[in-house]
Amino acid sequence: MLAFKLAIRNLLGAGLRTWLNVGVLSFAFVVIIFYNGLIDGWNRQGIKDTMEWEIGSGQFWTPGFDRYDPYTYTDAHQSVSDEVKQLIHQQKATPVLITRGTIYPQGRMQSVILRGVDPHQTILKLPTSAFDNPNDVTPAIIGKRMAQSARLQKGDKVLLRWRDKNGTFDAREITISAIFNCDVPPADNGLIYLPLATLQAMTGMENQASILIMSKDNQIEALQGWEYKSKDFLLKDFKELIKAKKGGGVVLQGLLLLIALLAIFDTQVLSIFRRQKEIGTYIALGMTRWQVVGIFTVEGAMHSILASLLGAAYGIPLFWFLNQKGITFGSPDVGITIAETIYPYYSLGLIVTTMLLVIISATIVSYIPARKISRMNPTEALRGKVQ
Amino acid sequence: MIQFIFKGIIRDRSRSTLPIIVVSIGVFLTVLLSGWMKGIFTDMIDMNANFSTGHVKIITRAYAENESQIPNDLALLGTDTLVPLLQKQFPQAEWVERIQFGGLLDVPDKNGETRAQGPAFGKGIDFSSPESKEASRLNIQHSLVQGTLPTKRGEAIITDDFAKRFNVKPGDKVTVFGSTMDGSMAFKTFIVSGTVRFGSTLLDRGAIIIDLADARDMLDMDNAASEVLGYLKTGQYNDEEANAIRDSFNTKYSNPSDEFSPVAQTLRQQNSLGQYLDMAENMSAIMTFIFVFAMSIVLWNSGLLAGLRRYTEYGIRLALGENKGHIYKTMIYEAILIGIIGTIIGSIIGLAATYYLQEVGLDFSSMTKNVTMMLPPVYKAKITPELFYIGFFPGLIATVLGNALAGFAIYKRKTARLFRELEV
Amino acid sequence: MKHIIIIVFSIFLFATQGNAQDAKTILQRLDENLSSTNRVVKSEMTIHGKRRSRTITSKSYTVGTEKSFTIYLSPARDAGTKMLKLNNQLWIYSPSTDRIIQISGHLLHQSVMGSDLSYEDMMDDRKLTEVYDATLEGSDTLQGRDVYIIKLTARVDDIAYHAQKLWVDTQRYVPLKEELYAKSGQLLKRVTLSDIQKIEGRWFPMKMNYKDMLKQGDGTDFTITDIKFNQNIPAYQFTKAALKE
C-alpha cells in the first residue's frame with residue numbers, strides 16, 4: 001500500500017514529465033481500442049448487413065444448389081411442402097426461387113441471375129414493397145451496382161430473356177421499379193429481383209423454391225428434403241477477411257505501444273539515476289532492496305493506471321461521438337462487404353484486454369531499469385555515487 | 001562553437017549515448033509506423049490495383065462498355081507497338097499486358113476423355129520474362145498451397161479448391177476449353193505446376209493462371225491483350241501522375257468515335273475506388289499525425305529528462321561564472337545536434353525496416369490459421385516521400401523543445417543557493 | 001333457317017378443318033423435303049463479328065435426327081476439330097490437345113464458334129410435325145415467290161422455341177423465312193433461306209442467314225457447298241473412336 005501511495009505522490013510531484021508520459025500512453029490506449037473497435041464495428045455491421053440483405057440467419061438449400069455455380073440453378077429447385085409453408089406463414093422463412101436469364105440493355109447482352117422473392121417477406125431488407133406498383137407489368141428491383149453495370153435507371157424497361165423449366169425460351173420486358181442501396185455486393189452484383197409468383201409463373205415452376213432464407217429467431221436446423229447451411233458457413237469469406245485485417249492491426253498497435261513504453265523506460269532510467277539518495281534512504285530505513293525495486297516498479301506501472309484514467313477522460317466522449325456519427329468510408333466496390341459508414345464497436349472484453357496489455361507491459365518496462373537497484377550498494381547510493 | 005559542442009557530444013558518451021539512442025528509436029518507430037500505416041490503409045487499393053485495375057488501365061472503348069463480360073473479341077490489338085510506345089512515352093510507369101478469359105476446365109481420364117469439368121475464370125500473365133514482376137504482384141508465391149510457380153510454357157496454376165474437388169495434383173493435366181478472340185473453339189492442355197488459394201470462394205471454385213504467351217496461343221490473341229496495365233514505378237498510386245498519363249494518352253491516342261480505339265482509365269475511376277482512396281489517405285494522415293504527435297511528446301519528455309539529468313553540471317557551470325544565456329544556448333545547440341544525429345540514424349534504420357516490410361511484408365498466415373489467400377494476406381509497409389522528413393518533427397523539433405523547456409530552470413536558479421544544492 | 005345455320009356452320013367448320021389439314025400437309029411435305037435418312041453436307045459458315053468476319057468450312061454426316069458427325073476443314077486453327085452428337089450428348093475432339101471433351105447441360109446453350117447458333121439450335125432437329133401444331137395464317141409473296149404463312153405452336157414441352165412462323169414456298173415446299181418466338185411472343189431469331197436448288201429430286205435451300213434478333217450484328221451466314229442424300233455412311237462414323245482419327 002505504501003508503495004502505491006509513494007508512487008502516486010512521486011508521479012504527481014513530477015508534474016509535466018509524468019503527464020507527458022501518461023498522455024502518450026493514453027494515446028496508445030485510445031488508438032488500440034479505436035482500431036479494434038473499428039474492425040469489430042465493421043465485422044458486426046458486415047455480418048448484420050449480410051444477414052439482413054442476403055443470408056438471413058441461415059438457409060436451406062435444395063440439394064445440388066450451389067450459390068457460386070449458377071449452372072446448378074437450372075435444376076436445383078423443389079416444391080414448397082406444407083410444413084415449409086407453415087414456416088413461411090409464420091414469417092420464419094422466406095422462399096427464394098433462383099434461375100438464370102439474359103438482359104439486353106440497349107442491344108448489349110448481359111447474363112443475370114433472377115431471384116424471385118415474396119413481395120411480403122420481412123426477413124430481407126429488400127424493398128419488395130416496390131413490387132406493388134400497379135403500373136408495372138413485370139416489376140423488378142435491382143441494386144445500385146447492378147444498375148451501374150447495366151446502365152439502368154428507375155422506371156427503365158429492359159428486355160429479359162430466360163428459359164422455363166423445360167428449356168423453352170421466353171422473353172418479356174421488365175420494369176425497374178426500384179433501385180436499392182446496400183453494402184453487400186453479393187446481394188446486388190448481377191442480380192435482378194422479381195416477385196416470387198411472377199418468376200414461378202414465368203418459369204413454369206409454380207410453388208417452387210431454390211432456397212429458404214430463415215428469420216432471425218430461427219431454431220430449425222433440419223428440414224426434410226433441404227440442406228441446412230448455417231450462418232457461419234455462409235459468412236466464411238467475410239470472417240476470414242476480418243481475421244486478416246486484425247492481423248495487420250497488431251503491428252500498428254505494437255509499434256504504438258512501443259513508443260509509449262519507450263517514454264516510460266526513459267523516465268525510469270532517469271529517476272533511478274537521480275534518486276539514488278532516496279533509494280539509499282529507503283534501504284537505510286530498513287527496506288529490503290527488492291521492496292525498493294517494488295516501489296519503483298509500481299511507480300512506473302502507475303503511469304498506465306493514470307493513462308487509463310486520462311484515456312477514459314477524453315476517449316469516452318470521443319468514442320461516443322464516433323459511435324453516434326460513424327466513420328464514412330465512401331462506397332468502394334472492392335467486392336467485399338463494407339458499410340459506407342462504420343460505427344465502431346467497443347466491447348468490454350476489448351477494453352479489459354487492452355488495459356491488461358498496457359498495464360502489464362508498462363510494469364515490465366518499469367521493472368527492467370529498477371532491477372539495477374537490487375545491485376546497488378546502499379552506502380554508495382546514499383552518497384549519490386552510483387554511476 | 002558548434003564544433004566544440006559536437007566534439008563534446010562525440011567524446012562525452014554519458015551526455016550523448018542515451019539521448020541519441022532514445023531519439024533514434026523514436027524516429028525509427030515514427031518512420032516505420034507511418035510507412036506501415038500507409039501500407040495497411042492502402043492494401044485494399046493495392047490489391048485492386050495489382051489484381052485488376054492497375055494504376056492506369058488501357059482497354060478498348062468497346063471493352064470498357066462490357067467489361068464484366070470479359071469480351072475478348074473487343075480486346076486491344078497491336079500491343080507489340082502499343083506497349084513499347086507506352087514505355088517510351090510514359091517511362092514513369094511499368095506497362096504489362098494481361099489476358100482474362102472464361103472457359104471450362106476439363107480434367108481428362110487416362111483415355112483423354114472428360115473425367116470431370118467445371119467453369120473457370122482464367123488469367124494470362126507474364127511469368128516468363130525475367131524482369132516480370134507479375135507473379136509477385138499477384139502474390140502467387142505466398143498463396144501457393146501445393147507445388148510451385150510455372151517454370152516453363154505449358155504449365156499452369158489452378159485453384160486449390162478446384163484441384164481438391166476433382167482430385168487433381170501438381171503434375172496432372174487439365175484442358176482449358178474456351179473460345180478464341182474470334183469465337184472459334186480454343187483448347188489447350190496444361191500441366192498443373194501448383195495450386196493456390198485466393199481467399200474468395202467464388203474465384204477459388206475454379207480459376208487458372210497461365211503464362212501470357214500460352215494464353216495468346218490458346219485464344220489466338222497474337223499481339224493482342226485484354227488490357228494493358230500501368231504501374232507507377234514509385235510503387236504507389238498517385239492521382240496526379242495517373243491523371244497526367246491518362247489525359248496525355250487519351251488526347252493523343254484515343255478516338256471517341258472509334259469504339260476499338262484504346263482508352264486509359266485511372267485506378268480512381270474504376271470500381272468506385274475514388275472515395276475509398278480519399279478515405280484511406282485521410283485515415284492514414286490522421287493516424288500518422290497521431291503518431292508523430294505522440295512521438296513528439298515522448299521526445300519532448302526525453303528532452304526534459306536530458307535537461308534535468310545535467311542539473312548538477314549546469315549548477316557547477318553557473319558557479320564558475322558562466323553566463324546563463326550562454327549555458328542555455330549551448331544546451332539548445334546540443335539538443336539540435338543530438339536531434340539531427342538521432343533523426344538521421346532513426347530515419348535510416350526506419351527506412352531500411354520499412355523497405356524490408358515493403359518488399360517482404362509480414363506474413364500473418366501463420367497467425368490467422370487457415371487464412372492463406374491471394375487477396376490481402378501479407379501486410380506490407382510502404383515507403384513514401386514524406387517518410388524521409390517525417391522523423392524530423394519528433395526527432396528534432398520535439399527534442400529541442402523539450403530541452404528548451406527544461407532549460408528555463410537554469411534561469412530560475414539563484415547563484416547564492418548553488419553551493420547548497422551542490423553539496424554532496 | 002335452322003338448316004341454313006347448320007350449313008353455314010358446317011362449311012365454316014370444314015373450311016377451318018381444311019385449313020388445318022392444309023397446314024399439316026404443308027408441314028409434312030416440307031419435312032419430307034428437308035429431312036432424309038441420311039445426308040453428307042459440306043458447308044461454309046460466315047460469322048459476322050463486331051470487328052471482322054470469318055468463314056469456317058466443315059463437312060457433316062447426319063443420320064436421321066439422332067446422329068451427326070462434323071469435321072471442321074478450315075481455317076487452319078479449326079481444321080481437324082470434330083464434333084459427335086448422339087441423341088442429346090455432344091463430344092468435341094481437338095486435335096491440338098488430342099482430347100475429347102464432353103459438352104453437356106448448360107454448355108449446350110453456348111454459341112457455336114461465336115455464331116448466332118447455339119449447340120442446342122444445331123442439335124434439336126426433330127421433325128417439325130413431331131413437335132409443333134401448325135395452322136395456316138395466310139399467304140404472301142416473298143423473294144418473288146408465293147408463300148404460305150404457317151404458324152407453329154409447340155405441342156411438346158422440351159423445346160427451345162415455343163412458336164415459329166414459316167414462310168413456305170407454295171410450289172417447292174421449302175421455307176424461305178423462319179421466325180422463332182419466345183412463349184411471350186417476343187421474336188428471338190430469324191432465319192432467311194435462299195438459293196433454293198433442286199438436288200436429287202428435292203428442293204433444298206443452299207443459303208441461310210441466322211440472326212439473333214436480340215443481339216446487334218449481321219447474324220451468321222450458312223452456305224451449303226455440297227449436299228448428298230442417302231449415302232452409305234458406316235456406323236463406325238458415329239463412335240467416339242472416329243473422333244480421334
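Here are legends for a few close-up views of this predicted model.

Residues are numbered from 1 along each chain as written, and chains are lettered from A in written order. Local features need pLDDT of at least 70, side-chain atom pairs count only at pLDDT 80 or more, and side-chain values use heavy atoms, leaving out hydrogens and water.

**View 1. Two sides of helix α1 in chain B.** This helix (a DSSP run of H or I, at least four residues) spans residues 2-11, and its buried residues (under 20% relative accessible area, 1.4 Å probe, protein chains only; exposed is over 50%, partly exposed in between) are B:Ile5, B:Gly8 and B:Ile9. They sit on the same side of α1(B), because they cover an arc of only 95° around the axis, going by the directions from the helix axis to the C-beta atoms. Turn to the other side, and B:Gln3, B:Phe4 and B:Arg11 are exposed.

**View 2. A stacked ring pair in chain A.** Rings of Phe, Tyr and Trp (its six-membered ring) pair if their centres lie within 6.5 Å; planes under 30 degrees apart are stacked, over 60 edge-to-face, the rest tilted. That gives 16 aromatic pairs over all chains. One of them is the stacked pair A:Phe65 and A:Tyr73, with 5.2 Å centre to centre and 10° between the planes. Both of these residues are buried.

**View 3. A tilted ring pair in chain B.** B:Phe249 and B:Tyr253 have 5.3 Å centre to centre and 45° between the planes. They're four residues apart in helix α11 (residues 239-253), so about one helical turn separates them. B:Phe249 is buried at 0% relative accessibility, while B:Tyr253 is partly exposed at 26%.

Conventions:
Helices (H or I, at least four residues) and strands (E, at least two) are DSSP runs, numbered from the N terminus.
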